[in-house]
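The following exercises concern pockets, burial and salt bridges. Each task is followed by a solution in steps.

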Amino acid sequence: MKIAKKLYSYYMVMPALLIYVLFFVLPAIIGFYYSFTDWRLDRETISFNGWTNFKTIFTDETLILALKNTVIFAVVTVIGKNVIGIVLAVALNMKLKTRNLLRAIFYSPSILSILVISIVFTPMLRSDGVINKLFESVGLGSLSQAWLTDPAIVIFTVCAISIWQSAGFQMAIYLAGLQSISKEYYEAATIDGAGSWKSFVHITLPLLLPAININLMLTLIGGLKVFSEVFVLTGGGPGNASQVVGTIIMRSFGEGNWGLGTAMNTLLFVVVTAISIPLLYFMRRKEVSE
Amino acid sequence: MSKKMKRTSKLLLLSALTVALAACGSNSGSSGSSEASGGSAGSGQKVTIELAISKASQDSAFVDAELLKKFEEQTNIKVNIQQLPSEQVTTVLQTKLAVGETPDIIQYNLASAVSDLNLERNFEILDNESWASRLLNKEVLSSGGHIYSFHVSQDTGMQGVVYNKEIFEELGLSIPANYDEFIAAAEKIKAAGITPIFMPFKDHWATNIWTSAAFADYAAKNEPTLWEDLNANKKKWTDIPAFETIIQQQYDLYEKGLTNTDVLSDSYDMAVGKFLNKEVAMMFMGDWLIQDVENKDPNMRLGLFPIPYAQDALVGASPLGGQLFIPKQAKHIEEAKKFLEFLASPEVAQEIVNEQEYVSNFNDVTTPELPEYKQEIVDLYITPQKTVTTMEAYMSIDLSELYRNLQDVFAGGKTAKEVLEAWDTKFNQLMKDKGVEGF
């Protein structure tokens, strides 16, 4: 034990710490500074401009819409990915003959690139695409929509595609969680007369909490940082209808408005941190050990 | 044993630190050494200059492998091509300019360089280059009275309605001279079972071909100082009722069913195929589309006429694209200028002009025989001076938000009036951010 302590002296953390500071902490601090400046492509000098960038974010119509869309995306996908993920995991934890095949099928979208997915989905989601044709052929023509071009529903379409892609990945984590729950609990519950719903609520869910925590955190942070789904499916359009914080940051940098872009980035960083750290602590306390 | 370990770990740490520190210093180190090699160019040592182009222009005549080899043999200067991803070209160049890590030459568009790259601050003035005196049309290479860019062509690309001549002939249609005639022609094409107009408005910039040429024509004929007034905040975009009408006119074509059904799902890259299959008869675009279609099938006969928003409009002349620029912070300015000199030499320029079928911009380089459609544009519009420079050339800020607003009209999100109101706000903010007087 003594030797082990000496083996791994605290100095050993230095290389990793150095890289972490150099490539994460330092840029974050510098970014924090620049988000209070008018740093622009066409300015010779950079000067401090207080809260101006943040005021712009909360007054500009498009930027407010982007914030709203980001929240919608985060909430809808967190619920969708986790509910569907748990349902799939519980279903595929039963003794089915095709269990492994089905697991593989549901997991497979999450290994595809979002670019490929968008190439497949874009023509399907056209107003004369397969999905609408399918609705019409079964007499549900009234359900057909301009999925990616109607400003009112476009963000939900993007959510649905994201859920479709990643629910299988959440399922894999839930499956691992389920398999660590001892069968004895269920046997005891059955003897006590609990039905499958009761044992799900009182045994599965509490003992699954570590997996739920991980998944909630992953999907929430992923949802708030959404970029690629929107970028490749709609480019933020039509108009600005599906802009999210991620695409606005990209656009601000493209316009040479670097101060504003950095401010958006800082805001995103603060929001993600402010939501995820308390959530992590809260959920940790709820966890029970077997 | 443990002592040994301690020593080893210290050694490891030290080496890790050295590597990290060396990495930090590498930027200044490398630029220093290349400067040294640049200085010794005179003594016959090989210099390598960097030329950055967008991946989309990898076929540009200026980066032809044989041409670069010839240049290297003549001058002992090697040109290294940096291909930048097309969608990110602006961002990458902005960043390179901001941190001073610039290539020696970049290929870009003059008008966009003014709005995106801060032309005057970042690029060399080329007025005194030996080739400047031989130019036929200095304007296409100039901004604010100075030559900032280089090209051997003066053909800027014309924007209007690209149309299939065969379909027009089969249906006995003539070129429409105004909006009503245009609608009548489109109705006839529709009755023949062909989609009259193709709108690829998934790409938001494509919404602006109609407006950009029509706005410019309106301004040239009715309010010659309009662009100056807008740029000085003496007028607002909403002050010009004609703008609203023009935006509405384009939308009405869609409302009347004269276009493809799903305009917001179709993108520009589908256009060539649609014309080749004769699925569509017309599209608001530049004559570069005609070239692209005829490259695929030389038997296609396409032509171009002005955007028919009003009686006898002018054809829109887009600002010239694909020029070469030398950044002020380039490490090998002299060598970069030598490269331009090489391209401008009558022999090399003639070769490029012949191969690309350019309209020559040098008084000692002759224009070769042009393709039929181009000759027709030259005869019908360029020679009789029936062209007008499109709106982009007068703007010093990024217009993509205007395109997005125009796209939003087709999504049902904005009316023509709301487009101009939203653009007024954004325009004001962009001009203010840029520090333009009056905003």
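**Exercise 1: a pocket**

The second largest pocket has a volume of about 1000 Å³. Of the 33 residues that line this pocket, the closest to its centre are Glu139(B), Val140(B), Ser142(B), Thr389(B) and Ala393(B). A pocket is an open set of points on a 1 Å grid over the protein atoms alone, where a 1.4 Å probe fits, with protein on both sides within 12 Å along at least five of seven lines; lining residues have an atom within 4 Å of a point. A volume is the space filled by probe spheres set on the points, which are joined across faces, edges and corners.

The model is predicted: local features need pLDDT of at least 70, side-chain atom pairs count only at pLDDT 80 or more, and totals for chains, interfaces and linings use all residues. Residues are numbered from 1 along each chain as its sequence is written, chains are lettered from A and ligands numbered from 1 in the order in which they are written, and side-chain values use heavy atoms, with hydrogens and water left out.

Task: State how the lining of the second largest pocket divides into nonpolar, polar and charged residues.

Solution.
1. Ala, Val, Leu, Ile, Met, Phe, Trp, Tyr, Cys and Pro count as nonpolar, Asp, Glu, Lys and Arg as charged, and the others, Gly among them, as polar.
2. The lining then divides into 16 nonpolar, 13 polar and four charged residues.

**Exercise 2: a helix**

Task: Determine whether helix H13 of chain B is largely enclosed or not.

Solution.
1. Helices are DSSP runs (H or I, at least four residues), numbered from the N terminus.
2. Buried means under 20% relative accessible area, exposed over 50%, and partly exposed in between (1.4 Å probe, protein chains only).
3. Nine of the twelve residues of H13(B) are buried, so the helix is largely enclosed by the rest of the structure. Among them are Phe339(B), Leu340(B) and Phe342(B).

**Exercise 3: two salt bridges**

Task: Describe the salt bridges of Lys165(B) and Lys70(B).

Solution.
1. A salt bridge is a side-chain nitrogen of Lys or Arg within 4 Å of a carboxyl oxygen of Asp or Glu.
2. Lys165(B) pairs with Glu372(B) at 3.5 Å, N to O. This pair links helix H6 to helix H15 of chain B, 207 residues apart.
3. Lys165(B) is buried at 8% relative accessible area, whereas Glu372(B) is exposed at 52%.
4. Lys70(B) pairs with Glu351(B), with the closest N and O atoms 3.8 Å apart. Here helices H2 and H14 of chain B are linked, the two residues being 281 residues apart.
5. Both partners are partly exposed, Lys70(B) at 25% and Glu351(B) at 40%.
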